[in-house]
Amino acid sequence: MDPASTMKPSLRNLIIFSSIYLCSSTAWSHDHTENRFYIGVKAGALLADKPKIDSTNTLGLQLEYHFTPNLAIEADYLKGNSEDIPTDDTNMESLAVYGVLRSKNTCYALLKVGFEDDLGTSSILNQKGISLSAGIGAGVILNRRFSIESEYTLINENLTYLGLSFRYGF
């Protein structure tokens, strides 16, 4: 029996299943506006300008409350450290509160502005306490409850964050 002929039915089934799932997810996506609260898990890369440090093991938590379908308040907690300089002085930890504006669509854009507090006091990363923080990003609604967002955030004058969030709305 030809291996290509045995793969055709399974490939066809995968395409059919994927089409049904994506179509049903798109049909439900308009209901995401009913969700008032979101919780998310974040992962990404923390980038420092001085000294040049990249951290790829940054993890975080996101909590969000929606006032309207477009306007929300978001609290973010991030924690990371750098493998580039193996000392405890390169650990980074922050807590931030943002006002977030999102467009209305299954695929949407976001803009956030707020305040960030460096919970760590790394002298190498020039952490200094509370600073203004801003970010841009985009997201996609997977279905009524789940969404994925990507973001690029200027945490402070020295640190930027590039990451993905997997979010659950209720």
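The legends below accompany close-up views of a predicted model.

**View 1. Strand E4 between its two pairing partners.** Strand E4, which spans residues 92-102, pairs with strand E3 (residues 71-80) in the antiparallel sense over ten bridges. With strand E5, made up of residues 107-118, E4 also pairs in the antiparallel sense, here over nine bridges. One bridge to look for on the E3 side joins alanine 72 to its partner in E4, valine 100, while on the E5 side tyrosine 98 has glycine 114 as its bridge partner. E4 and E5 form a hairpin, and four residues lie between the two strands.

**View 2. The covered and uncovered faces of strand E4.** In a regular strand the side chains alternate between the two faces of the sheet. In E4 the covered face consists of Met92, Ser94, Ala96, Tyr98, Val100 and Arg102, whereas Glu93, Leu95, Val97, Gly99 and Leu101 make up the uncovered face. Two residues of the covered face also appear in the bridges of the preceding view: Val100 as the partner of alanine 72, and Tyr98 as the partner of glycine 114.

**View 3. The second largest cavity and its lining.** Rolling a probe the size of a water molecule over the atoms shows where empty space is left. A search of the whole structure finds three cavities of 30 Å³ or more, and the second largest, shown here, has a volume of about 60 Å³. The lining of this second largest cavity is formed by Lys42, Asp76, Leu78, Ser94, Ala96, Tyr98, Lys112, Glu116, Glu151, Thr153, Ile155 and Tyr161. At least two residues of this lining come from each of E3, E4, E5 and E7, and E4 gives the most, with three residues. Ser94, Ala96 and Tyr98, which belong to the covered face of E4, are among the lining residues. By class, the lining of the second largest cavity divides into five nonpolar, two polar and five charged residues.

**View 4. Asparagine 143 in the loop between strands E6 and E7.** Asparagine 143 is placed in the loop that runs between strand E6 (130-141) and strand E7 (146-154). Because its relative accessible area is 13%, which falls under the cut-off of 20%, asparagine 143 counts as buried. A polar atom of the side chain of asparagine 143 lies 3.0 Å from the backbone nitrogen of arginine 145, and the backbone nitrogen of phenylalanine 146 likewise lies 3.0 Å from a polar atom of the asparagine 143 side chain.

Key:
Residues are numbered from 1 along each chain as its sequence is written. This is a predicted model: local features need pLDDT of at least 70, side-chain atom pairs count only at pLDDT 80 or more; totals for chains, interfaces and linings use all residues. Side-chain values use heavy atoms; hydrogens and water are left out. Buried means under 20% relative accessible area, exposed over 50%, partly exposed in between (1.4 Å probe, protein chains only). A polar contact is a pair of N or O atoms within 3.5 Å; within protein, one must be able to donate a hydrogen and the other to accept it, and residues adjacent in sequence count only if both atoms are side-chain atoms. Two strands pair if DSSP finds at least two bridges between them. On a 1 Å grid over the protein atoms alone, a cavity is a set of points where a 1.4 Å probe fits but cannot get out, and a pocket is an open set with protein on both sides within 12 Å along at least five of seven lines; lining residues have an atom within 4 Å of a point. Grid points are joined across faces, edges and corners, and a volume is the space filled by probe spheres set on the points. Ala, Val, Leu, Ile, Met, Phe, Trp, Tyr, Cys and Pro count as nonpolar, Asp, Glu, Lys and Arg as charged, and the others, Gly among them, as polar.
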